[in-house]
Amino acid sequence: MEIDVGEKVRREYAFFVVRPPAGTRIVVALATNTWHAYNDFGGPNLYTGGTHVAMQRPMAAGYLYKPPGLGRRVTGTGAPDPQNAAHVGYITLNHLSGYAGSAGWPDWELPFIEWAEREGFEIGVCTNADLEEHPEVLDGASLYLSVGHDEYWSRGMRDTVEAFIARGGNAAFLLGQHVVCGRCASRATTTT
């Protein structure tokens with residue numbers, strides 16, 4: 001959405017996910033639990049003293065849209081940057097949340113889905129909450145995908161994916177960070 005404020009144009013972004021119909025062959029679950037854990041809109045997140053995740057608050061700037069540029073992610077693939085100057089400069093220049101390089105739609109899932117669709121794959125999309133609240137989202141699927149920074153899992157999410165695999169479904173986790181789930185000790189991490 002764009003609105004004119006004086007001589008400036010202000011843009012805001014909204015986001016919604018429509019669960020795929022039963023029988024969708026490939027389903028990607030967006031890492032929305034992780035997005036919310038890092039979200040610092042209007043107050044602390046789990047990394048700045050927050051003890052609960054607010055799932056019903058807006059996403060901070062940078063979680064749903066980011067302009068192109070060097071330093072979009074907290075991780076880099078170019079020359080070593082020990083002070084993370086490219087990322088800090090990008091975040092500052094674009095007035096984004098300091099945590100927007102760690103989680104959110106534009107960093108991991110969006111580029112993956114754009115690539116998959118260019119390659120001719122039809123991808124169904126759901127949220128982390130859908131795995132727990134609507135486990136039928138994987139009915140008829142042959143492949144479940146977790147892409148990027150998918151760190152926070154509930155027991156219900158894990159149960160849904162494990163049941164899917166037990167029924168003969170395939171799962172791929174295309175990520176490389178620590179994972180925290182409901183069965184783990186509070187804030188404990190394991191590497192994948």
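**Exercise 1.** Which residue of strand 7 does Tyr144 stand opposite?

*Solution.* Let's set the ground rules: this is a predicted model, where local features need pLDDT of at least 70, side-chain atom pairs count only at pLDDT 80 or more, and totals for chains, interfaces and linings use all residues. Residues are numbered from 1 along each chain as its sequence is written, and side-chain values use heavy atoms, without hydrogens and water.

Step 1: strands are DSSP runs (E, at least two residues) and helices likewise (H or I, at least four), numbered from the N terminus. Step 2: strand 5 and strand 7 run parallel, joined by 6 bridges; two strands pair if DSSP finds at least two bridges between them. Step 3: the partner of Tyr144 is Ala171.

**Exercise 2.** Find the edges of the open sheet.

*Solution.* Step 1: write the order of its 4 strands, 4-3-5-7, with parallel pairing. Step 2: strand 4 and strand 7 each have a single partner strand, so they are the edges, with one side lacking a neighbour in the sheet.

**Exercise 3.** Work out where the buried residues of helix 5 lie around its axis.

*Solution.* Step 1: list the buried residues (under 20% relative accessible area, 1.4 Å probe, protein chains only): Gly156, Met157, Thr160, Val161 and Phe164. Step 2: their arc, taken from the directions from the helix axis to the C-beta atoms, is only 135°, which puts them on the same side of helix 5. Step 3: look at their packing partners, among them helix 1 (32-38), strand 5 (143-148) and strand 7 (170-175), with contact meaning heavy atoms within 4.5 Å.

Notes
Buried < 20%, exposed > 50% of the residue type's maximum accessible area, 1.4 Å probe, protein only.
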